[in-house]
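Let's take a walk through this structure together, one stop at a time. Keep the 3D view open and turn it as you read.

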Amino acid sequence: MRVNPAEEVEHAMREVKNFINGEYRSSSAGKTFDKLNPCTGSLFAKVHEATREDVDAAVKAARDALDGPWGRMSESERGAILHKVADGIDARFDEFLAAECADTGKPYGIASHIDIPRGAANFRVFADAVKNFATEAFQTATPDGKGAFNIAVRKRKGVIAVISPWNLPLLLMTWKVGPALACGNTVVVKPSEETPTTTSLLGEVMNAAGVPPGVFNVVNGFGPDSAGAFLTEHKGVDAITFTGETRTGEVIARAAAKGLRDVSIECGGKNPALVFADCDMDKAIEGTLRSVFANCVQVCLGTERVYVERPIFDEFVERLARAAADFTLGLPDDPRTDMGPLVSHEHQQKVLSYYQLAVEEGAQVVLGGGVPEMPSELAGGAWVQPTIWTGLPDDSRVVREEIFGPCCLIRPFDTEEEAIALANDTTYGLASAVWTENVSRALRVSTAIDCGITWVNSWFLRDLRTAFGGTKESGIGREGGEHSLEFYTELQNVCIKI
Ligand code: NAD
(Lines give C-alpha, C1' and ligand atoms only; values in the text may rest on other atoms or scores of the structure.)
Protein backbone atom coordinates (compact mmCIF):
# COMPACT_ATOMS: atom_id res chain seq x y z
CA MET A 1 0.00 0.00 0.00
CA ARG A 2 1.32 3.46 -0.87
CA VAL A 3 1.79 5.63 2.20
CA ASN A 4 1.04 9.31 1.73
CA PRO A 5 3.96 11.16 3.41
CA ALA A 6 1.59 14.05 4.10
CA GLU A 7 -0.42 11.70 6.32
CA GLU A 8 2.72 10.60 8.17
CA VAL A 9 3.51 14.19 8.99
CA GLU A 10 -0.09 14.72 9.97
CA HIS A 11 0.43 12.17 12.74
CA ALA A 12 4.01 13.05 13.67
CA MET A 13 3.48 16.80 13.91
CA ARG A 14 -0.05 17.26 15.05
CA GLU A 15 1.01 19.78 17.70
CA VAL A 16 3.05 22.76 16.54
CA LYS A 17 4.62 24.51 19.53
CA ASN A 18 6.55 27.70 19.99
CA PHE A 19 10.35 27.35 20.03
CA ILE A 20 11.91 29.55 22.69
CA ASN A 21 15.47 29.46 24.04
CA GLY A 22 16.19 26.15 22.32
CA GLU A 23 13.12 24.27 23.56
CA TYR A 24 9.58 23.63 22.39
CA ARG A 25 7.01 25.32 24.62
CA SER A 26 3.23 25.19 24.74
CA SER A 27 1.25 28.41 24.70
CA SER A 28 1.47 29.83 28.23
CA ALA A 29 -2.30 30.42 28.10
CA GLY A 30 -2.98 26.95 26.72
CA LYS A 31 -4.35 28.58 23.55
CA THR A 32 -4.22 26.65 20.29
CA PHE A 33 -5.68 27.20 16.84
CA ASP A 34 -6.51 24.72 14.08
CA LYS A 35 -4.48 24.29 10.92
CA LEU A 36 -6.53 22.61 8.19
CA ASN A 37 -5.21 20.54 5.30
CA PRO A 38 -5.91 22.69 2.20
CA CYS A 39 -6.41 19.61 -0.02
CA THR A 40 -9.14 18.05 2.07
CA GLY A 41 -10.27 20.62 4.62
CA SER A 42 -9.50 18.14 7.44
CA LEU A 43 -7.69 19.10 10.65
CA PHE A 44 -3.91 18.84 10.13
CA ALA A 45 -2.40 20.37 13.26
CA LYS A 46 -3.10 22.18 16.52
CA VAL A 47 -0.86 25.23 16.69
CA HIS A 48 0.12 26.79 20.04
CA GLU A 49 -0.61 30.51 19.94
CA ALA A 50 2.05 32.60 21.63
CA THR A 51 0.81 35.05 24.25
CA ARG A 52 2.39 38.39 25.02
CA GLU A 53 4.34 36.63 27.81
CA ASP A 54 5.58 33.99 25.35
CA VAL A 55 6.75 36.71 22.96
CA ASP A 56 8.46 38.50 25.88
CA ALA A 57 10.26 35.25 26.73
CA ALA A 58 11.35 34.76 23.11
CA VAL A 59 12.67 38.32 22.79
CA LYS A 60 14.48 38.03 26.13
CA ALA A 61 16.06 34.74 25.06
CA ALA A 62 17.18 36.38 21.80
CA ARG A 63 18.64 39.37 23.65
CA ASP A 64 20.49 37.21 26.18
CA ALA A 65 21.89 35.05 23.36
CA LEU A 66 23.37 38.12 21.63
CA ASP A 67 25.91 38.44 24.41
CA GLY A 68 26.41 34.69 24.76
CA PRO A 69 28.66 32.37 22.72
CA TRP A 70 26.92 33.38 19.46
CA GLY A 71 28.03 36.99 19.81
CA ARG A 72 31.61 35.97 20.62
CA MET A 73 32.06 33.58 17.69
CA SER A 74 34.08 34.52 14.62
CA GLU A 75 32.29 34.70 11.26
CA SER A 76 33.94 31.41 10.29
CA GLU A 77 32.71 29.63 13.41
CA ARG A 78 29.17 30.91 12.90
CA GLY A 79 29.42 30.06 9.20
CA ALA A 80 30.43 26.48 9.99
CA ILE A 81 27.36 26.09 12.21
CA LEU A 82 25.08 27.57 9.54
CA HIS A 83 26.48 25.08 7.02
CA LYS A 84 25.47 22.36 9.49
CA VAL A 85 21.97 23.85 9.59
CA ALA A 86 21.82 23.60 5.78
CA ASP A 87 23.12 20.01 5.96
CA GLY A 88 20.49 19.29 8.61
CA ILE A 89 17.71 20.48 6.30
CA ASP A 90 19.13 18.29 3.52
CA ALA A 91 19.33 15.30 5.86
CA ARG A 92 15.66 15.70 6.76
CA PHE A 93 14.62 16.73 3.25
CA ASP A 94 11.66 14.35 3.05
CA GLU A 95 10.27 15.52 6.37
CA PHE A 96 10.54 19.19 5.40
CA LEU A 97 9.02 18.42 2.02
CA ALA A 98 6.06 16.53 3.46
CA ALA A 99 5.46 19.22 6.10
CA GLU A 100 5.64 22.09 3.59
CA CYS A 101 3.30 20.36 1.15
CA ALA A 102 0.86 19.39 3.89
CA ASP A 103 0.70 23.01 5.12
CA THR A 104 0.41 24.62 1.69
CA GLY A 105 -1.04 21.90 -0.56
CA LYS A 106 1.62 22.65 -3.16
CA PRO A 107 2.89 19.80 -5.37
CA TYR A 108 6.02 17.90 -4.33
CA GLY A 109 7.42 18.67 -7.79
CA ILE A 110 7.57 22.39 -6.91
CA ALA A 111 8.57 22.18 -3.24
CA SER A 112 11.29 19.57 -3.87
CA HIS A 113 12.90 21.78 -6.53
CA ILE A 114 12.35 25.21 -5.03
CA ASP A 115 11.20 25.52 -1.42
CA ILE A 116 13.31 22.98 0.44
CA PRO A 117 16.60 23.24 -1.52
CA ARG A 118 16.40 27.05 -1.30
CA GLY A 119 15.70 26.75 2.43
CA ALA A 120 19.08 25.05 2.82
CA ALA A 121 20.87 27.25 0.26
CA ASN A 122 19.87 30.42 2.13
CA PHE A 123 22.11 29.35 5.04
CA ARG A 124 25.09 28.29 2.89
CA VAL A 125 25.05 31.34 0.62
CA PHE A 126 24.97 33.92 3.41
CA ALA A 127 27.39 32.01 5.69
CA ASP A 128 29.92 32.33 2.85
CA ALA A 129 28.94 35.80 1.60
CA VAL A 130 29.47 37.44 4.96
CA LYS A 131 33.16 36.46 4.92
CA ASN A 132 33.75 38.63 1.85
CA PHE A 133 31.63 41.57 2.96
CA ALA A 134 34.06 44.46 3.10
CA THR A 135 33.84 47.68 5.08
CA GLU A 136 35.24 51.05 4.09
CA ALA A 137 38.26 53.15 5.09
CA PHE A 138 39.04 56.80 4.30
CA GLN A 139 42.16 58.83 4.87
CA THR A 140 41.35 62.44 5.82
CA ALA A 141 43.59 65.48 5.42
CA THR A 142 43.73 67.74 8.51
CA PRO A 143 45.02 71.36 8.95
CA ASP A 144 48.02 70.18 10.97
CA GLY A 145 49.12 68.08 8.00
CA LYS A 146 49.16 64.88 10.03
CA GLY A 147 45.79 63.54 8.89
CA ALA A 148 43.35 61.00 10.21
CA PHE A 149 42.12 57.55 9.31
CA ASN A 150 38.45 56.60 9.23
CA ILE A 151 37.76 52.91 9.59
CA ALA A 152 34.24 51.55 9.40
CA VAL A 153 33.49 48.68 11.71
CA ARG A 154 30.58 46.43 10.82
CA LYS A 155 28.47 45.20 13.73
CA ARG A 156 25.44 43.03 14.09
CA LYS A 157 22.14 44.87 14.43
CA GLY A 158 20.73 42.96 17.42
CA VAL A 159 17.43 41.14 17.89
CA ILE A 160 15.61 40.82 14.55
CA ALA A 161 11.86 40.19 14.29
CA VAL A 162 11.11 38.09 11.20
CA ILE A 163 7.49 38.14 9.97
CA SER A 164 6.92 35.74 7.10
CA PRO A 165 4.02 34.82 4.77
CA TRP A 166 2.48 31.50 3.77
CA ASN A 167 3.26 31.20 0.08
CA LEU A 168 6.90 30.06 0.29
CA PRO A 169 7.14 29.45 4.03
CA LEU A 170 10.58 27.86 4.52
CA LEU A 171 12.19 29.66 1.60
CA LEU A 172 11.14 33.19 2.55
CA MET A 173 11.72 32.72 6.26
CA THR A 174 15.28 31.37 5.79
CA TRP A 175 15.93 34.11 3.19
CA LYS A 176 15.82 36.42 6.23
CA VAL A 177 17.06 34.14 9.02
CA GLY A 178 20.13 32.98 7.00
CA PRO A 179 21.72 36.42 6.55
CA ALA A 180 20.52 37.68 9.94
CA LEU A 181 22.32 34.83 11.75
CA ALA A 182 25.36 34.98 9.45
CA CYS A 183 25.82 38.60 10.57
CA GLY A 184 25.70 37.58 14.26
CA ASN A 185 22.14 38.67 15.08
CA THR A 186 19.57 36.62 16.91
CA VAL A 187 16.00 36.21 15.63
CA VAL A 188 12.42 35.77 16.73
CA VAL A 189 10.34 34.43 13.83
CA LYS A 190 6.57 34.72 13.51
CA PRO A 191 5.63 32.41 10.62
CA SER A 192 2.27 32.71 8.93
CA GLU A 193 -0.58 31.17 10.91
CA GLU A 194 -1.38 29.20 7.73
CA THR A 195 2.04 27.53 7.46
CA PRO A 196 3.82 27.16 10.81
CA THR A 197 5.20 23.62 10.49
CA THR A 198 8.56 23.88 8.69
CA THR A 199 9.59 26.92 10.75
CA SER A 200 8.88 24.93 13.90
CA LEU A 201 10.76 21.90 12.54
CA LEU A 202 13.78 24.11 11.87
CA GLY A 203 14.19 24.48 15.66
CA GLU A 204 15.22 20.80 15.89
CA VAL A 205 17.75 21.32 13.10
CA MET A 206 19.16 24.40 14.85
CA ASN A 207 19.64 22.47 18.08
CA ALA A 208 21.28 19.53 16.30
CA ALA A 209 23.63 21.87 14.42
CA GLY A 210 24.85 23.47 17.66
CA VAL A 211 23.13 26.85 17.33
CA PRO A 212 23.11 28.13 20.94
CA PRO A 213 19.73 28.41 22.69
CA GLY A 214 18.00 31.74 22.15
CA VAL A 215 19.61 32.49 18.76
CA PHE A 216 16.61 31.18 16.80
CA ASN A 217 13.14 31.50 18.34
CA VAL A 218 9.69 30.91 16.90
CA VAL A 219 6.39 32.33 18.13
CA ASN A 220 3.16 31.23 16.48
CA GLY A 221 -0.03 33.16 16.05
CA PHE A 222 -1.85 35.76 14.02
CA GLY A 223 -1.17 39.44 13.23
CA PRO A 224 -3.30 42.02 15.08
CA ASP A 225 -3.71 41.46 18.85
CA SER A 226 -1.61 38.34 18.55
CA ALA A 227 2.01 37.22 18.21
CA GLY A 228 2.69 39.34 15.08
CA ALA A 229 1.71 42.61 16.75
CA PHE A 230 3.24 41.65 20.13
CA LEU A 231 6.54 40.99 18.38
CA THR A 232 6.71 43.97 16.02
CA GLU A 233 5.66 46.39 18.78
CA HIS A 234 8.14 44.91 21.25
CA LYS A 235 10.72 47.37 22.58
CA GLY A 236 13.34 44.62 22.77
CA VAL A 237 13.36 44.21 18.98
CA ASP A 238 16.05 46.19 17.12
CA ALA A 239 14.83 45.72 13.53
CA ILE A 240 11.93 44.12 11.69
CA THR A 241 11.99 42.26 8.41
CA PHE A 242 8.63 41.52 6.83
CA THR A 243 7.26 39.81 3.74
CA GLY A 244 3.53 39.87 3.09
CA GLU A 245 0.70 42.08 1.88
CA THR A 246 1.12 45.79 1.32
CA ARG A 247 -1.60 46.67 3.85
CA THR A 248 0.18 44.64 6.52
CA GLY A 249 3.47 46.23 5.47
CA GLU A 250 2.02 49.65 6.27
CA VAL A 251 1.01 48.46 9.76
CA ILE A 252 4.48 47.00 10.32
CA ALA A 253 6.14 50.22 9.14
CA ARG A 254 4.08 52.14 11.69
CA ALA A 255 5.14 49.70 14.43
CA ALA A 256 8.78 50.10 13.39
CA ALA A 257 8.51 53.89 13.52
CA LYS A 258 8.08 53.69 17.29
CA GLY A 259 11.62 53.70 18.59
CA LEU A 260 12.92 54.39 15.03
CA ARG A 261 13.72 50.75 14.32
CA ASP A 262 15.01 49.75 10.91
CA VAL A 263 12.55 47.88 8.69
CA SER A 264 12.74 45.84 5.51
CA ILE A 265 9.42 45.41 3.72
CA GLU A 266 8.73 43.03 0.83
CA CYS A 267 5.13 43.20 -0.35
CA GLY A 268 2.79 42.25 -3.14
CA GLY A 269 2.69 42.95 -6.85
CA LYS A 270 0.44 43.10 -9.90
CA ASN A 271 3.18 41.95 -12.17
CA PRO A 272 3.01 42.41 -15.96
CA ALA A 273 4.44 40.26 -18.75
CA LEU A 274 5.05 41.93 -22.12
CA VAL A 275 5.02 39.51 -25.05
CA PHE A 276 6.31 40.99 -28.30
CA ALA A 277 5.61 39.58 -31.73
CA ASP A 278 9.34 38.90 -32.17
CA CYS A 279 9.43 36.53 -29.19
CA ASP A 280 10.17 32.82 -29.33
CA MET A 281 6.52 31.78 -28.96
CA ASP A 282 7.25 28.35 -27.43
CA LYS A 283 9.48 29.91 -24.77
CA ALA A 284 6.95 32.68 -24.07
CA ILE A 285 4.07 30.21 -23.66
CA GLU A 286 6.08 27.88 -21.42
CA GLY A 287 7.38 30.75 -19.28
CA THR A 288 4.03 32.50 -18.99
CA LEU A 289 2.34 29.23 -18.12
CA ARG A 290 4.70 28.94 -15.15
CA SER A 291 4.56 32.59 -14.15
CA VAL A 292 0.73 32.64 -14.18
CA PHE A 293 -0.06 29.22 -12.71
CA ALA A 294 2.95 27.80 -10.78
CA ASN A 295 2.05 27.24 -7.13
CA CYS A 296 -1.46 28.50 -8.05
CA VAL A 297 0.44 31.74 -8.57
CA GLN A 298 0.62 32.22 -4.86
CA VAL A 299 4.02 33.71 -5.70
CA CYS A 300 4.63 37.42 -5.20
CA LEU A 301 6.59 37.45 -8.49
CA GLY A 302 3.81 35.75 -10.47
CA THR A 303 2.27 37.36 -13.53
CA GLU A 304 -1.32 38.62 -13.28
CA ARG A 305 -1.35 40.92 -16.34
CA VAL A 306 -0.22 39.67 -19.74
CA TYR A 307 0.13 42.19 -22.58
CA VAL A 308 0.60 40.65 -26.03
CA GLU A 309 1.47 42.42 -29.30
CA ARG A 310 -1.62 42.36 -31.50
CA PRO A 311 -0.36 40.21 -34.44
CA ILE A 312 0.23 37.23 -32.10
CA PHE A 313 -2.56 37.96 -29.61
CA ASP A 314 -5.12 35.37 -30.76
CA GLU A 315 -2.56 32.60 -31.15
CA PHE A 316 -1.03 33.37 -27.73
CA VAL A 317 -4.40 33.34 -25.93
CA GLU A 318 -5.44 30.13 -27.63
CA ARG A 319 -2.17 28.31 -26.87
CA LEU A 320 -1.93 29.47 -23.25
CA ALA A 321 -5.53 28.50 -22.56
CA ARG A 322 -5.10 25.10 -24.24
CA ALA A 323 -2.00 24.34 -22.15
CA ALA A 324 -3.63 25.47 -18.87
CA ALA A 325 -6.79 23.48 -19.64
CA ASP A 326 -4.62 20.35 -19.60
CA PHE A 327 -3.48 20.87 -15.99
CA THR A 328 -4.06 18.04 -13.56
CA LEU A 329 -5.26 19.24 -10.16
CA GLY A 330 -4.46 16.87 -7.33
CA LEU A 331 -2.60 15.88 -4.20
CA PRO A 332 0.95 17.13 -3.57
CA ASP A 333 2.58 13.71 -3.69
CA ASP A 334 0.89 12.58 -6.91
CA PRO A 335 3.53 12.98 -9.66
CA ARG A 336 0.78 13.83 -12.18
CA THR A 337 -0.25 16.94 -10.22
CA ASP A 338 0.41 20.27 -11.97
CA MET A 339 -1.59 22.42 -9.57
CA GLY A 340 -2.62 22.06 -5.94
CA PRO A 341 -5.35 23.88 -4.03
CA LEU A 342 -5.07 27.40 -2.64
CA VAL A 343 -3.62 27.64 0.85
CA SER A 344 -6.93 28.04 2.72
CA HIS A 345 -10.67 28.36 2.34
CA GLU A 346 -10.40 32.01 3.27
CA HIS A 347 -8.02 32.61 0.38
CA GLN A 348 -10.23 30.50 -1.90
CA GLN A 349 -13.17 32.82 -1.11
CA LYS A 350 -11.02 35.86 -1.89
CA VAL A 351 -9.89 34.46 -5.25
CA LEU A 352 -13.43 33.35 -6.16
CA SER A 353 -14.74 36.82 -5.35
CA TYR A 354 -12.36 38.18 -8.02
CA TYR A 355 -13.52 35.48 -10.47
CA GLN A 356 -17.07 36.79 -10.02
CA LEU A 357 -15.98 40.43 -10.12
CA ALA A 358 -14.15 39.85 -13.42
CA VAL A 359 -17.42 38.84 -15.05
CA GLU A 360 -19.22 41.82 -13.52
CA GLU A 361 -16.46 44.08 -14.86
CA GLY A 362 -16.98 42.81 -18.40
CA ALA A 363 -14.40 40.05 -18.82
CA GLN A 364 -14.66 37.35 -21.44
CA VAL A 365 -13.81 34.15 -19.59
CA VAL A 366 -11.45 32.25 -21.87
CA LEU A 367 -10.79 29.49 -19.33
CA GLY A 368 -12.02 28.44 -15.89
CA GLY A 369 -13.63 31.01 -13.64
CA GLY A 370 -14.93 28.75 -10.88
CA VAL A 371 -14.40 25.74 -8.66
CA PRO A 372 -13.31 22.49 -10.32
CA GLU A 373 -15.08 19.21 -9.74
CA MET A 374 -12.82 17.13 -7.52
CA PRO A 375 -13.11 13.52 -6.31
CA SER A 376 -15.23 13.23 -3.16
CA GLU A 377 -12.23 12.81 -0.80
CA LEU A 378 -10.88 16.19 -2.00
CA ALA A 379 -14.20 17.99 -2.23
CA GLY A 380 -13.55 19.84 1.05
CA GLY A 381 -10.30 21.38 -0.25
CA ALA A 382 -9.63 24.96 -1.32
CA TRP A 383 -9.62 24.30 -5.07
CA VAL A 384 -10.10 26.85 -7.87
CA GLN A 385 -9.83 26.52 -11.63
CA PRO A 386 -6.95 28.01 -13.60
CA THR A 387 -8.55 31.07 -15.16
CA ILE A 388 -7.85 33.37 -18.11
CA TRP A 389 -9.76 36.55 -19.02
CA THR A 390 -9.67 38.95 -21.93
CA GLY A 391 -11.61 42.16 -22.49
CA LEU A 392 -11.19 43.72 -19.05
CA PRO A 393 -11.01 47.54 -18.88
CA ASP A 394 -7.62 48.84 -17.71
CA ASP A 395 -9.23 50.57 -14.73
CA SER A 396 -11.14 47.51 -13.49
CA ARG A 397 -10.35 46.24 -10.01
CA VAL A 398 -9.37 42.84 -11.37
CA VAL A 399 -6.63 44.52 -13.43
CA ARG A 400 -5.45 46.76 -10.60
CA GLU A 401 -5.59 44.64 -7.42
CA GLU A 402 -3.38 41.71 -6.47
CA ILE A 403 -5.45 38.52 -6.56
CA PHE A 404 -2.78 35.92 -5.72
CA GLY A 405 -4.56 33.10 -7.52
CA PRO A 406 -4.05 31.07 -10.72
CA CYS A 407 -5.49 33.66 -13.10
CA CYS A 408 -4.51 36.40 -15.50
CA LEU A 409 -5.91 38.98 -17.84
CA ILE A 410 -4.54 39.02 -21.41
CA ARG A 411 -4.80 42.27 -23.40
CA PRO A 412 -3.40 43.27 -26.79
CA PHE A 413 -1.07 46.23 -27.45
CA ASP A 414 0.15 47.90 -30.64
CA THR A 415 3.40 49.73 -29.84
CA GLU A 416 6.38 49.38 -27.52
CA GLU A 417 5.48 52.69 -25.84
CA GLU A 418 1.96 51.49 -25.16
CA ALA A 419 3.29 48.24 -23.69
CA ILE A 420 5.62 50.08 -21.32
CA ALA A 421 2.84 52.46 -20.27
CA LEU A 422 0.51 49.53 -19.54
CA ALA A 423 3.21 47.73 -17.54
CA ASN A 424 3.80 50.85 -15.42
CA ASP A 425 0.11 51.62 -14.93
CA THR A 426 0.01 50.13 -11.44
CA THR A 427 0.61 51.16 -7.85
CA TYR A 428 2.91 48.14 -7.48
CA GLY A 429 6.48 47.65 -8.70
CA LEU A 430 7.74 44.20 -7.85
CA ALA A 431 8.49 42.12 -10.96
CA SER A 432 7.93 41.90 -14.71
CA ALA A 433 8.75 39.66 -17.65
CA VAL A 434 9.62 40.66 -21.20
CA TRP A 435 9.49 38.21 -24.08
CA THR A 436 11.42 39.28 -27.19
CA GLU A 437 14.35 37.99 -29.24
CA ASN A 438 15.43 41.58 -30.05
CA VAL A 439 18.29 42.46 -27.67
CA SER A 440 17.98 46.22 -28.08
CA ARG A 441 14.26 46.07 -27.36
CA ALA A 442 14.90 43.81 -24.36
CA LEU A 443 17.26 46.39 -22.86
CA ARG A 444 15.05 49.38 -23.72
CA VAL A 445 11.86 47.88 -22.36
CA SER A 446 13.24 46.11 -19.29
CA THR A 447 14.93 49.25 -17.99
CA ALA A 448 11.83 51.39 -18.70
CA ILE A 449 9.64 49.30 -16.40
CA ASP A 450 9.43 50.69 -12.87
CA CYS A 451 9.93 47.61 -10.72
CA GLY A 452 12.53 45.73 -8.69
CA ILE A 453 13.22 42.81 -11.02
CA THR A 454 12.62 42.19 -14.74
CA TRP A 455 13.15 38.85 -16.41
CA VAL A 456 13.88 38.74 -20.12
CA ASN A 457 12.89 35.44 -21.76
CA SER A 458 12.69 33.71 -18.39
CA TRP A 459 10.90 33.85 -15.08
CA PHE A 460 11.88 33.08 -11.46
CA LEU A 461 15.54 32.60 -12.36
CA ARG A 462 17.24 33.82 -9.19
CA ASP A 463 20.87 34.41 -8.37
CA LEU A 464 20.91 34.90 -4.60
CA ARG A 465 23.69 37.51 -4.85
CA THR A 466 21.47 39.91 -6.79
CA ALA A 467 19.23 42.66 -5.41
CA PHE A 468 15.65 41.62 -4.70
CA GLY A 469 12.80 43.92 -3.72
CA GLY A 470 10.11 46.21 -4.98
CA THR A 471 9.39 49.82 -5.87
CA LYS A 472 6.21 51.80 -5.10
CA GLU A 473 3.74 49.78 -2.96
CA SER A 474 5.77 46.60 -3.40
CA GLY A 475 8.20 47.39 -0.64
CA ILE A 476 11.08 49.22 0.95
CA GLY A 477 14.69 48.08 0.69
CA ARG A 478 16.49 45.26 -1.06
CA GLU A 479 17.36 41.74 0.01
CA GLY A 480 19.92 39.39 -1.55
CA GLY A 481 23.73 39.23 -1.42
CA GLU A 482 25.32 42.32 0.07
CA HIS A 483 21.95 44.06 0.30
CA SER A 484 20.77 41.59 2.95
CA LEU A 485 24.06 41.87 4.82
CA GLU A 486 23.73 45.65 4.73
CA PHE A 487 20.33 45.47 6.42
CA TYR A 488 21.41 43.04 9.13
CA THR A 489 24.48 45.07 10.17
CA GLU A 490 25.28 48.56 11.42
CA LEU A 491 28.36 50.51 10.37
CA GLN A 492 30.27 52.35 13.06
CA ASN A 493 32.91 54.81 11.86
CA VAL A 494 36.04 55.05 14.00
CA CYS A 495 38.01 58.23 13.26
CA ILE A 496 41.68 58.04 14.36
CA LYS A 497 43.69 61.26 14.42
CA ILE A 498 47.36 60.73 13.74
P1 NAD B 1 -0.05 38.89 5.19
O2 NAD B 1 0.41 40.30 5.10
O3 NAD B 1 -1.47 38.61 5.42
O4 NAD B 1 0.72 38.12 6.35
C5 NAD B 1 2.14 38.05 6.38
C6 NAD B 1 2.58 37.86 7.81
O7 NAD B 1 2.27 39.04 8.55
C8 NAD B 1 1.89 36.70 8.53
O9 NAD B 1 2.82 36.05 9.35
C10 NAD B 1 0.84 37.42 9.36
O11 NAD B 1 0.42 36.72 10.49
C12 NAD B 1 1.59 38.68 9.74
N13 NAD B 1 0.74 39.82 10.12
C14 NAD B 1 -0.48 40.14 9.64
N15 NAD B 1 -0.94 41.27 10.24
C16 NAD B 1 0.02 41.66 11.12
C17 NAD B 1 0.15 42.73 12.05
N18 NAD B 1 -0.81 43.65 12.18
N19 NAD B 1 1.27 42.82 12.78
C20 NAD B 1 2.26 41.90 12.65
N21 NAD B 1 2.20 40.85 11.80
C22 NAD B 1 1.11 40.74 11.03
O23 NAD B 1 0.48 38.19 3.85
P24 NAD B 1 0.21 36.69 3.38
O25 NAD B 1 -1.22 36.60 2.97
O26 NAD B 1 0.75 35.74 4.39
O27 NAD B 1 1.16 36.59 2.09
C28 NAD B 1 0.76 36.93 0.81
C29 NAD B 1 1.26 38.32 0.45
O30 NAD B 1 2.68 38.35 0.56
C31 NAD B 1 0.97 38.71 -0.97
O32 NAD B 1 0.59 40.05 -1.01
C33 NAD B 1 2.30 38.52 -1.68
O34 NAD B 1 2.48 39.28 -2.85
C35 NAD B 1 3.24 38.93 -0.61
N36 NAD B 1 4.58 38.39 -0.84
C37 NAD B 1 5.59 39.23 -1.17
C38 NAD B 1 6.87 38.72 -1.42
C39 NAD B 1 8.04 39.60 -1.78
O40 NAD B 1 9.17 39.14 -1.67
N41 NAD B 1 7.83 40.83 -2.20
C42 NAD B 1 7.09 37.35 -1.31
C43 NAD B 1 6.01 36.52 -0.97
C44 NAD B 1 4.77 37.06 -0.72
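Arg-441 is buried, because its relative accessible area of 15% falls under the 20% cut-off for that class. Keep in mind as you look that this is a predicted model. The side chain of Arg-441 meets that of Asp-278 in a salt bridge, with 2.9 Å from N to O. Arg-441 belongs to helix H17 (residues 439-448), while Asp-278 sits in the loop between E13 and helix H12 (281-293), so this pair ties together parts of the chain that are 163 residues apart in sequence. What about the other partner: how is Asp-278 classed by its accessible area? Asp-278 is partly exposed, with a relative accessible area of 27%. The two residues also belong to a network of salt bridges, which links Asp-278, Glu-416, Arg-441 and Arg-444.

That pair is a good way into the charged contacts. How many salt bridges does a search of the whole structure find? The search finds 34 of them. Another one to pick out joins the side chains of Glu-304 and Lys-270, at 2.7 Å from N to O. Glu-304 is in strand E14 (residues 303-309), and Lys-270 is in the loop between strand E12 (262-266) and strand E13 (271-275), so the salt bridge ties together parts that lie 34 residues apart in sequence. Are these two side chains buried or exposed? Glu-304 counts as buried because its relative accessibility is 5%, and Lys-270 counts as buried because its value is 2%.

Now turn to helix H7 (residues 115-129), which holds Arg-124. Arg-124 forms a salt bridge with Asp-90, and the closest N and O atoms are 2.7 Å apart. Asp-90 lies in helix H4 (residues 75-91), so here too the pair links distant parts of the chain, 34 residues apart. Both ends are partly exposed: Arg-124 has a relative accessibility of 25%, and Asp-90 has 34%.

Stay on helix H7 for one more residue, Ala-127. Ala-127 counts as buried because its relative accessibility is 1%. Which residue should you look for beside it, 55 residues away along the chain? It is Ala-182, and the C-alpha atoms of Ala-127 and Ala-182 are separated by 5.2 Å.

Last, let's visit the ligand. The space that the ligand takes is the largest pocket. Around the ligand you will find 31 residues, the closest being Lys-190, Glu-193, Thr-248, Cys-267 and Glu-402. Several elements contribute to this shell: helix H10 (227-232), strand E11 (239-243) and helix H11 (246-257) each supply at least two of its residues.

Zoom in on the oxygen atoms of the ligand to see some individual contacts. One ligand oxygen is 2.5 Å from an N or O atom in the side chain of Glu-402, a residue that is also among the closest to the ligand. An oxygen of the ligand is 2.8 Å from an N or O atom in the side chain of Trp-166. At Glu-245 the partner is a polar backbone atom, again with a ligand oxygen 2.8 Å away. How much of the ligand does the protein bury? Taken alone, the ligand exposes 850 Å², and the protein buries 92% of that.

Conventions: Residues numbered from 1 in each chain as written. Predicted model: local features only at pLDDT ≥ 70, side-chain atom pairs only at ≥ 80, totals over all residues. Heavy atoms only, no water. Salt bridge = Lys/Arg side-chain N within 4 Å of Asp/Glu carboxyl O. Helix = DSSP H or I, 4+ residues; strand = E, 2+ residues; numbered from the N terminus. Buried < 20%, exposed > 50% of the residue type's maximum accessible area, 1.4 Å probe, protein only. Near = heavy atom within 4 Å. Polar contact = N/O pair within 3.5 Å; in protein donor to acceptor, adjacent residues only side chain to side chain. Areas by Shrake-Rupley, 256 points an atom, 1.4 Å probe, with all protein chains shown as cover. 1 Å grid on protein atoms, 1.4 Å probe; cavity = no way out; pocket = protein on both sides within 12 Å on 5 of 7 lines; lining within 4 Å. Sits in = over half its atoms within 2 Å of the grid points.
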